[in-house]
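Me: I am new to this structure and would like to be taken through it step by step. Could the replies spell out the reasoning before they settle on a result?

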Amino acid sequence: MMALLASESFVGLRTFTADEVISRYVFTFYAAYIVAFLLTPLMRMVAIHYDIIDKPDGTRKVHTAPVAYLGGVAVFMGWLAGLTISQFLLLHHIEPDTELPKNLVVNFGIVVGACVIVLLGIWDDVMGLNPWRKIAGQVFAAVCLLATGVGRTAAWVFLKYILMRTSLWLGWPDPQATAVLQEHWIVEVFSILFVIGIVVVCCNAANLMDGLDGLCGGVTAIVAAGFLFLAVNLATSSGGVNVNLDATRVVLGLALLGAVLAFVPFNFNPASIFMGDTGSMFLGFCCATMMILFASDPVHFKWFLASMVMFALPLLDTALAFVRRWVNRRPLFGADRHHFHHQLVARGFTVKQTVLISYGLALACALLGAAIVFIRTRYAVGIYLVVFGSVIVAVYKMGMVHERVQSVPRQPLGAAAAQAAGDVAPAGALDVTEARQVGQARGQ
C-alpha cells in the first residue's frame, strides 16, 4: 500500500491544500453563475418572441403548457463567461525562474467544440435535425478537441499496461521508455476513437435524460460537483507536474457547476424555460471533456474511472434505452416513453418525486465514484462490478427491458389524449401514430 501511495502521490514534490487550489479560481464560479442567472429569463423572452417553444403533444411529452426553449444558450454563456474570467487568474503554483505562463491557459479547442455543439443544438431546437446529422456534428466537435491536442494520447491510460508488457516481444522500444510508447500510432488511433466515442455517448446520454423538468440540469449539477471534487483532489496531490492541466480541470468544473446551478431554479417543476437540445448536448459535451482530461493524466487512472462512475446514471439510462429497443426490434433512434424517469412516473410517482429520486441516485453515483480516491483501484473495480451487476439484474427483473407497445392515435391535446398517455402500463411503451395508420391497422 505504501508503494502505491508513493507512486500515485508524487512523494517529494509539492502538495497543495484544497483551499490553495480553489481560492485562485473560485471567481470562475461567480462569473458563470451570475451570467447564467441573468441571461436565463432574458433568453426566455427571446424564445417567446420568436416562437421558439416546446409545445405539448398530449402523448410523449409530460408538460401540459407551451414552454420556452433556449435555456441552454444561457447556460453556455455563463460557462463561457467563467472561462473568460479564468484567463486572467494566476495559477495556484508558479515555478520560480521559469518562462512558463503564470496565468491559466484553457485549450481553445474546448471552446470551439462547445460552440459547435451549441450551434448544432440551436439548429435542432429551431428547425429540427435528424439523429445522424446530430451525431455527425458531435463527431466534428470531438475532432476539434483532437485537433488542438485534447485527448490525443487519452487511450494510453488503458493501453499502457498492455503495451509496456508486450513491447519487447513485438520489437518495440524498451518498456521503460514510456514517452516513446505513449506517442505510438496505436495509442493515437485508439485515442481518436476514444475521444469521438465518449463525446458522442455523453452528448446523447444527457440529451436522452432531458425528459422532465429539472432532471438533466440537476443531475448534471451533481455530476459537476463530483468532477470538481476529483479535479481539486487530483490537483492537491499531483505534485504540480502539470499545473495548467490541473487548473483547467478545476476551472471547467467550477464553470459548469455555476452555470447549471443558476439555471436549475428556472427549470425545476413547473419549468418556465427548457434547456432544449442546445443545453442537454452542451452539458454532455462538458462532462465528456472533463472525463477526457482526467484520462489525459495516465498516472492517475482511478480518477478517470471515478468520473465514469459519477456519470453512470445518464450512461445506464442510455444503455437501457438502446438495449430495450434492440431487444424489442424497435428503431434505435426512435423516441419513446420508456426511459427510466418515464417508468417512475408510470409507476405512480409525480414529476417532482421522480426528479428527486434521480437526484438521489446521481448523488449515490457521485459518492461511489469519490470513494475510489481513498481505496486501491483493484478493490474499487470489484465493488463497481458487484454494484452495477446488481443494477443490471434489478432493471431486468423490474421489466425495464422487455416492453409491451401500445399504439395511440395522434390528436390535439385534451382529456382524451392525456388519458391515452396516462394509461400506459409501467412495463409498456407508447407508440404514437397517425389516426389513419391506426385505423388501417384495425382493418377500418
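What follows is a short exchange about salt bridges and nonpolar cores in this predicted model.

Me: Which residues are linked with Lys-134 in a network of salt bridges?
Reply: The side chain of Lys-134 meets that of Asp-124 in a salt bridge, at 3.3 Å from N to O, and it also meets the side chain of Asp-277, at 3.2 Å. The residues linked with Lys-134 in this network are therefore Asp-124 and Asp-277.

Me: How many residues apart in sequence are the parts tied together by the pair of Asp-277 and Lys-134?
Reply: Asp-277 belongs to helix H11 (residues 276-295), whereas Lys-134 belongs to helix H5, so their pairing ties together parts whose separation in sequence is 143 residues.

Me: Is Asp-277 buried or exposed?
Reply: The cut-off for a buried residue is a relative accessible area under 20%. The relative accessibility of Asp-277 is 15%, so this residue counts as buried.

Me: Which helix holds both Arg-249 and Asp-246?
Reply: The side chains of Arg-249 and Asp-246 form a salt bridge with an N to O distance of 2.7 Å, and both residues are buried. They are 3 residues apart, about one turn of the helix that holds them both, which is H10.

Me: Which helix gives the largest share of the largest nonpolar core?
Reply: The largest nonpolar core has 116 residues, of which Trp-79, Val-199 and Phe-282 touch the most other members. The largest share of this core, 16 residues, is contributed by residues 243-267, that is, by helix H10.

Technical notes:
Residues are numbered from 1 along each chain as its sequence is written. This is a predicted model: local features need pLDDT of at least 70, side-chain atom pairs count only at pLDDT 80 or more; totals for chains, interfaces and linings use all residues. Side-chain values use heavy atoms; hydrogens and water are left out. A nonpolar core is a set of buried Ala, Val, Leu, Ile, Met, Phe, Trp, Tyr and Cys residues joined through side-chain atoms within 4.5 Å. Buried means under 20% relative accessible area, exposed over 50%, partly exposed in between (1.4 Å probe, protein chains only). Helices (H or I, at least four residues) and strands (E, at least two) are DSSP runs, numbered from the N terminus. A salt bridge is a side-chain nitrogen of Lys or Arg within 4 Å of a carboxyl oxygen of Asp or Glu.
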